[in-house]
Amino acid sequence: MPVFSSRMVLLLSGLLLLCNAAVARVTLPILDEPALKQSCQSALSKARSGVAKLESLPLKQATVGNTLGAWNRLQMELEDALGPIDLYANVHTDKQVRDAADACLLQFNDFNTELFQNEKLYRRMKAVQPRSAPGKKLKKDLLEDFEDT
């Protein structure tokens, strides 16, 4: 039988506690048709509000944080809403939910097209002068997306 020092026993006990600790995990929201429609409209409304804030930002005040950072947050919020909706459009067992998800995705496609044709946002993205390589790459990619849309 192996002999463990008190230090080793304490370490192993700590590891067991860590292994047994509840790990927070992300789960998909369970959406029926009305909840999905509400989630869609809520996400679109929040995104439009974020766009309005960006549009109202004076050009001379456009910085990496309040422009590229705000854009990044907007995109993350859209993805958080769209991920489950996109999945439900493809795999939900209820046809009404799939149809509502498809309709929502079409609304988001329209929103995205409007977003990249928004002259006010384009001017603000163009005005930003990032110093970091990732910031410069984001600006370049965004300007290309605006110009391609």
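User: Contact means heavy atoms within 4.5 Å. In this predicted model, what percentage of the contacts with a separation of 6 or more is accounted for by residues 24 or more positions apart?
Analyst: The chain has six helices and zero strands, and read along the sequence its pattern is α-α-α-α-α-α. Among the contacts in the chain with a separation of 6 or more, the part that comes from residues 24 or more positions apart is 72%.

User: Which element gives the largest share of the largest nonpolar core?
Analyst: This core has 36 residues, and those with the most contacts inside it are L36, W71, F108 and M125. Two or more residues are given to the core by each of α2 (33-56), α3, α4, α5 and α6 (133-148). The largest share is ten residues, and the element that supplies them is α3.

User: Which of the residues with the most contacts inside that core touches both W71 and F146?
Analyst: Leaving out residues up to four places away in sequence, the residue in question touches L54, T67, L68 and W71, and also K139, L142, L143 and F146. The residue with these contacts, which is also listed with L36, W71 and F108 for having the most contacts inside the core, is M125.

User: Is N118 buried or exposed?
Analyst: N118 lies in the loop between α4 (95-116) and α5 (119-127). Beyond its neighbours within four places in sequence, N118 is in contact with V51, E55 and F146, and its side chain reaches the backbone nitrogen of K120 at 2.9 Å. The relative accessibility of N118 is 13%, and because the cut-off for this class is under 20%, N118 counts as buried.

User: Where in the chain do the two partners of the salt bridge between E77 and K46 lie?
Analyst: Side chains of opposite charge can pair when their charged atoms come close. In this pair, the closest N and O atoms of E77 and K46 are 3.9 Å apart, while E77 itself is partly exposed at 36% relative accessibility. The bridge ties together parts that are 31 residues apart in sequence, because E77 lies in helix α3 and K46 lies in helix α2.

User: How many residues apart are D99 and K95 in helix α4?
Analyst: D99 forms a salt bridge with K95, in which the closest N and O atoms are 2.8 Å apart, and D99 is partly exposed with a relative accessible area of 37%. Both residues lie in helix α4, where about one turn of the helix lies between them, and their spacing in residues is four.

User: Which helix holds both K137 and D141?
Analyst: The side chains of K137 and D141 meet in a salt bridge at 2.8 Å, N to O. K137 is partly exposed, with a relative accessible area of 47%, and D141 is also partly exposed, with 26%. The two residues are separated by about one helical turn because they are four residues apart in helix α6.

User: Which residue of the nonpolar surface patch lies in helix α3 and counts as exposed at 51% relative accessibility?
Analyst: The chain exposes about 10400 Å², of which carbon and sulfur atoms supply 57%. On this surface L28, L87 and V91 form a nonpolar patch, with about 250 Å² of accessible area together. Helix α3 covers residues 64-91, and because a relative accessible area over 50% counts as exposed, the residue at 51% that fits the description is V91.

How values were computed. Residues numbered from 1 in each chain as written. Predicted model: local features only at pLDDT ≥ 70, side-chain atom pairs only at ≥ 80, totals over all residues. Heavy atoms only, no water. Areas by Shrake-Rupley, 256 points an atom, 1.4 Å probe, with all protein chains shown as cover. Patch = residues over 30% accessible without salt bridge, like charges linked within 9 Å, V, L, I, M, F, W, Y side chains within 5 Å. Salt bridge = Lys/Arg side-chain N within 4 Å of Asp/Glu carboxyl O. Buried < 20%, exposed > 50% of the residue type's maximum accessible area, 1.4 Å probe, protein only. Polar contact = N/O pair within 3.5 Å; in protein donor to acceptor, adjacent residues only side chain to side chain. Core = buried A, V, L, I, M, F, W, Y, C linked by side-chain atoms within 4.5 Å.
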